[in-house]
Amino acid sequence: MIPRIVSFSLAVLLASPALAQPDGAAIYADLCASCHAETRLGGKGPALIPESLGRLKGEKLAATIADGRAMTQMPAFKDTLKPEEIAAVADYISQPLVAPVWGEAEIADSRMLRDDYTPAAAPVFTADPMNITLVVETGDSHISVLDGDTFDVLDRFETPFAVHGGPKFSSDGRYVFVMSRDGWVQKYDIWSLHEVGRVRAGLNSRNIAMSADGKYLAVANYLPNTLTILNAADLTVAKVFDVKGRNGDPSRVSAVYQAPERGTFVLALKDVPEIWEVAFTEDGGPYTEGFVHNNENGMEEVMGAEKGLFARRRIEISAPLDDFFFSPDYRELIGANREGETGVVVNLDVGREIASLPLPGMPHLGSGISWERNGHRVVAIPHLNEGRISVIDMEDWSLIKTIETAGPGFFLRSHDGTPYLWADVFTGEHKGEMHIIDKQSLEVVKVLKPAPGKTVAHTEFTRDGKYALVSIWEMDGAVIVYDAATFEELKRLPMVKPSGKYNVWNKITFEDGTSH
Ligand code: DHE
């Protein structure tokens, strides 16, 4: 500790003459680089660049440096640094980096396979492998592996820092892939209860998608502007796409989804008005025949000339869309822009927009769910800015109902085995109120308030839909197990800031009530 402070003082003194402003770069090199890397692209600790810091800005960022982060390796610096020095480091790490290189070679170099891993021939536990539920505990970067019948914790393994989005399972439910906002992708063997390895597929990543055949894992990256496709078996690189619009403008990839029936990954692009489909089948999915498109001169032209594995098709749209919800046959998608007030429906077969929808208040399409109602398929979508859920008819794209809730919600969940959907309130004075909504009448039938004043969010069901698992999303949090029919609380499992929960069966069968 003492040598570190001495060397820091020297560096600061050398770098900043008396009365000069503290030198944020020198302080960073001295105190932060050992964990976050000299490049600021992350090491043991996350990358410290604007893209990764996200909403951690200004005073909030300075407070994190001063106070550290509870339950992580991040120490408090308020006794080591003066407030103006903390402000200088905060300012330094808030400056953009000039296009860091993170291509095939860098990704390949980051790959680490565990040498203490031996695949088990059969599950090493007696629990039903199809009813395993994973609980992501973001508070201390772990995942708990739950037996879905007894709710016993079978294993608790460390993940990379800041896991985001749903982990993706291989189609047999044996392996799971987890992604962190820093671009690390971790592979874990559920049968063996052991990590297989990890690789850094990007520097700032959004989410991952698994191909239906289990061979490929696509990683959507903000930084660099790429889509990385990994071989799921050994985490080697299969392909890296530089993402640029038709006019050459680079774009961040907001999200990637798999469309099993189409044999493609579908990409939401943040900065260019295009949707991409990338084939993960050898025959190039829908590309072999191309499709007819009306170009800007009103002329019909055949698009989709690329063929074969990883053939890419561009669908031109009127404005960038960064969040999608798909129809069950994956022929249509609803897309929305975080800033926009409307959603659009895009038919992927014909490759164009076919309808628009009123969706004010930041619709969160990624956590929409759909089900059958009065012989029609409907979709429910929460809004991140407003206490409402929009219910839309997926045949004529009309708005059936706006369900008022006590505040803005993040996640919706249901299951074939229950007549209700569960909708959280994530922010505002009513945060923590869980709404139970009848899927046929669209009425709120009950509001649960299990932990007043705390964040209560994200529901997942057991394989049979009989139990609902809800997170108390706090450092001293818990997963509450409810009887999904009576809403009676049965158990609280202590967890460290549990966020999403993912049941193997519901995920691999694309259960209606879950996000895909
Ligand atoms: Fe998420 C899923 C985008 C902020 C927790 N989030 C997703 C998905 C997308 C998305 C596209 C679907 C990916 C998938 O599962 O493959 N999230 C965004 C944003 O654009 C947004 C609003 C801003 C951002 O900074 O990225 C955002 N998300 C958050 C949070 O602040 C949350 C609450 C806390 C966190 O961990 O960052 C959060 N998002 C989640 C979770 C899922 C998710 C737990 C998976 C839900 C599921 O059940 O599948």
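In this predicted model, a good place to begin is the meeting of helix α2 (residues 24-36) with α5, whose axes come within 8 Å and cross at roughly 90°. Angles of 65 to 115 degrees count as roughly perpendicular, so α2 is described as roughly perpendicular to α5. On the α2 side the contact is formed by G24, A25, I27, Y28 and C32, and on the α5 side by E85, A88, V89, Y92 and I93. Sorted by class, the contact of α2 with α5 comprises eight nonpolar residues, one polar and one charged.

Helix α5 (residues 83-94) also packs against helix α4 (residues 58-67), here at an angle of about 120° and with the axes 9 Å apart. That angle makes α4 oblique to α5. The crossing of this pair is right-handed. From α4, the residues L61, A62, I65 and A66 take part, and they meet I86, V89, A90, I93 and S94 of α5. Eight of the residues in the contact of α4 with α5 are nonpolar and one is polar, while none is charged. Readers following α5 in the structure will find V89 and I93 in its contact with α2, and V89 and I93 again in its contact with α4.

Helix α4 repays a further look. Its residues L61, T64, I65 and A66 are buried, and the cover over the buried residues of α4 includes α3 (50-53) as well as α5. Just after α4 comes G68, which has a positive phi, near 75°.

Attention now turns to the metal. Which protein residue serves as the donor to the iron atom of the ligand? The single protein donor is H164, through its NE2 atom, at 2.2 Å from the iron. H164 sits in the loop that runs between β4 (153-158) and β5 (168-169).

Several features of the backbone deserve mention. The peptide bond joining L223 and P224 is cis, with omega about -10°. P224 belongs to the loop between β10 (216-223) and β11 (226-231). L442 is not a glycine, yet its phi is positive, at about 60°. This leucine is placed in the loop between β29 (434-438) and β30 (444-448). Is L442 buried or exposed? With a relative accessible area of 2%, L442 is buried, since the term applies to values under 20%. H458, also not a glycine, has a positive phi of about 65°. H458 lies in strand β31 (residues 456-461), and its relative accessibility of 3% means that it counts as buried.

The surroundings of individual strand residues help to fill in the picture. G197, in strand β8 (residues 194-200), is buried, with a relative accessible area of 0%. The C-alpha atom of G197 is separated by 5.5 Å from that of K187, a residue 10 places away along the chain. Which residues does G197 touch, setting aside those up to four places away in sequence? They are M112, L113, R114, V185, Q186, K187 and L235. K187 thus appears both in the C-alpha spacing given above and among the contacts of G197.

Y502 is part of strand β35 (residues 498-503) and counts as buried at 8% relative accessibility. When neighbours within four places in sequence are left aside, Y502 is in contact with I132, T133, L134, V136, G165, G166, P167, F169, R413, H458, E460 and K507. One of these partners is H458, already met as a buried residue with a positive phi. Between Y502 and Y482, which are 20 residues apart along the chain, the C-alpha separation is 16 Å.

The last residue considered here is D438, located in strand β29. Its relative accessibility is 19%, and because the cut-off for buried is under 20%, D438 counts as buried. Outside its neighbours within four places in sequence, D438 contacts P419, Y420, E443 and V445. The C-alpha atoms of D438 and E488 are separated by 17 Å, with their positions 50 residues apart along the chain.

Definitions and conventions
Residues numbered from 1 in each chain as written. Predicted model: local features only at pLDDT ≥ 70, side-chain atom pairs only at ≥ 80, totals over all residues. Heavy atoms only, no water. Axes fitted to C-alpha atoms, helices over the stretch in contact; angles between N-to-C directions. Helix = DSSP H or I, 4+ residues; strand = E, 2+ residues; numbered from the N terminus. Parallel < 35°, antiparallel > 145°, perpendicular 65-115°, else oblique. Left-handed = near helix turned anticlockwise from the far one by under 90°. Contact = heavy atoms within 4.5 Å. Nonpolar A, V, L, I, M, F, W, Y, C, P; charged D, E, K, R; others polar. Donors = N, O, S within 2.8 Å, 3.2 Å for Na, K, Ca; no water. Buried < 20%, exposed > 50% of the residue type's maximum accessible area, 1.4 Å probe, protein only.
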